[in-house]
Amino acid sequence: MASQINVGMDLGSYKTAVMTSEGRRAVMPTVVGHPKDGIARRLLKTDTVFGDAAIYNRHSLEIIRPLAFGRLKFVPSDVLDTHEQDVARIQLESLEKIVEHAFSLVGVQRGTAAAAMIGVPAVASSESKDLIVQVAEKVCHSVMVVSEPFAVAYGLDCLHNSLVIDIGAGTTDICALTGVFPPPEHQQTLTMGGDAIDAELFKLLLAQYPTAICSPEMLRNLKERHGSLAEGISQVELTVVIEGKPIILNVAQQLRQACQSLVEPVFNGITKCLSIWDSETQDRLLRNVILAGGGSRMGGLDGVLERRLQDYYGLARVSCVDDPVFSGAAGALKLAMEMPSEHWTMVRKAA
Ligand SMILES: Nc1ncnc2c1ncn2[C@@H]1O[C@H](COP(=O)(O)OP(=O)(O)OP(=O)(O)O)[C@@H](O)[C@H]1O
Ligand SMILES: [Mg+2]
């Protein structure tokens, strides 16, 4: 056990972040692509392209984001028809390749003595967790899954009296930390996050410019650079193609409205999560609301949520994690390293 490497992974629908006890870390989009035809294959000189390279070469590739929109993580196989099962199989194979590639980025290969703790959505079904464990076990000899917001809280040492909100691409996880390992009733998963903001922005643009052409990647980049709830941003430019011609639009108002669309669902998720607690416990949780995940970077979100919660409950203190890219993986790694070795042995025996 002495030479075991511990690994923390945040397996997100948009990005996968991974860290090891040897100090290595990497992040990649949770994406794989395969050449669309022989020309693409000749150009790319490979059958499988991962992450940023896949996004860059997207016109030459069939792109697969196996975890997008909560797919795979949530859908039990018995409700799928034959076509959907084929799609699910392809997504699972793609996920295996991505996970193996992510491990390889930090030097963990098949056969490495490695124990991995993997962050998954707070209320992922047990079938989904089993799938992720099976996928990771092809590389690591011991694998455990943990809810994403719990991993964040563990990494920050905020296991008591805090409310962690992990705003990802496909889901937003809300978790009340009250000094115990959070059972399902202490957690909420909303099936909306950054992807839903991108979709709302596209819808708002099309409502005004029905023939405008722009890629989902351009909209996401625009949101990541300029997305904000702050008042007074009056100019955000986006170049779209209308009737074949590039046109520069000012989309400041649409972008703000799209970002705003996340606030009420997150507020409602928080009120649902708090509704099972007495007022004293609610107060304690509200004094330490922590935003994590890529969506926490949206300008002004902490202030807007804080005021919304203060209006409703009378008090609230909302802050953002310093490093939304790695906070989940760092917490999962800390948990992996502090897990007693007999726990890992039990996991291996059970596998
Ligand atoms: N500066 C930013 N402003 C607004 N949104 C951002 C910013 N940076 C990243 N995002 C958004 O955060 C989301 C990705 O967050 P994250 O990497 O935590 O997701 P994930 O863990 O892969 O997804 P999930 O937790 O749903 O599986 C994307 O929608 C991305 O566009
Ligand atoms: Mg996430």
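**The five-strand sheet**

Select β3, β2, β1, β7 and β8, which form an open sheet of five strands in that order, with mixed pairing. Strands here are DSSP runs (E, at least two residues) and helices likewise (H or I, at least four residues), numbered from the N terminus; two strands pair if DSSP finds at least two bridges between them. At the edges stand β3 (25-29) and β8, each with a single partner strand, so one side of each is left without a neighbour in the sheet. On average, neighbouring strands of this sheet are turned by 15° against each other, direction ignored.

The model is a predicted one, in which local features need pLDDT of at least 70 and side-chain atom pairs count only at pLDDT 80 or more, while totals for chains, interfaces and linings use all residues. Residues are numbered from 1 along each chain as its sequence is written, and chains are lettered from A and ligands numbered from 1 in the order in which they are written.

Select next β1 (residues 5-11) and β7, which pair in the parallel sense over six bridges. Within β7, Met117 is the residue that Gly8 stands opposite. On to β8 (residues 142-147): six bridges join this strand to β7, and the two run parallel. Val120 has Ser147 in β8 as its bridge partner. Then select β2 (residues 15-20), which pairs with β1 in the antiparallel sense over five bridges; Thr16 in β2 stands opposite Leu11.

Is strand β7 mostly covered or mostly open? Strand β7 (residues 114-120) is mostly covered, since seven of its seven residues are buried. A residue is buried if 20 or more other C-beta atoms lie within 10 Å of its own, exposed if 12 or fewer, and partly exposed in between, with C-beta atoms placed from the backbone. Colour the side chains by direction: Ala114, Ala116, Ile118 and Val120 point one way from β7, and Ala115, Met117 and Gly119 point the other way.

**Helices across the sheet**

Add helix α5 (residues 148-156), which lies across β1, β7 and β8 and runs at about 95° to β8. Add also helix α12 (residues 327-338), lying across β1, β2, β7 and β8 and running at about 145° to β1. The axes are lines fitted to C-alpha atoms, for helices over the stretch in contact, and angles run from 0 to 180 degrees between N-to-C directions. Two residues are in contact if their C-beta atoms, placed from the backbone, lie within 7 Å.

**The three-strand sheet**

Move to β5, β4 and β6, which form an open sheet in the order β5-β4-β6 with antiparallel pairing. Its edge strands are β5 (49-50) and β6 (61-64), each of which pairs on one side only. Strand β4 (residues 32-35) and β6 pair in the antiparallel sense over four bridges, and Pro35 stands opposite Leu61 in β6.

**Two residues with positive phi**

Most residues other than glycine have a negative phi. Select Lys45, in the loop between α1 (38-44) and β5; its phi is near 60°, a positive value. Lys45 is exposed, with 8 other C-beta atoms within 10 Å. Compare Asn161, which lies in strand β9 (residues 160-167). Asn161 has a positive phi of about 60° although it is not a glycine, and it is partly exposed, with 16 other C-beta atoms within 10 Å.

**Domains and ligand 1**

Colour the protein by its division into domain 1 (5-152 + 326-350) and domain 2 (194-260); these bounds come from an automatic or database domain assignment. The centres of the two domains, taken over C-alpha atoms, are separated by 30 Å.

Within the region of domain 2, select helix α8 (residues 252-260), whose buried residues are Gln254, Leu255, Arg256, Ala258 and Cys259. These buried residues pack against α6 and α7.

Finish at ligand 1, surrounded by 23 residues, the closest being Gly12, Tyr14, Gly168, Gly194 and Gly294. A residue is near a molecule or strand if its C-beta atom, placed from the backbone, lies within 6 Å of it. The elements giving two or more residues to this shell are α6 (194-208) and α7 (216-226); the largest share, three residues, comes from α7. By class, the shell has four nonpolar, 11 polar and eight charged residues. Ala, Val, Leu, Ile, Met, Phe, Trp, Tyr, Cys and Pro count as nonpolar, Asp, Glu, Lys and Arg as charged, and the others, Gly among them, as polar.

Why does ligand 1 lie between domain 1 and domain 2? Both domains give residues to the shell around ligand 1, so the ligand lies between them.
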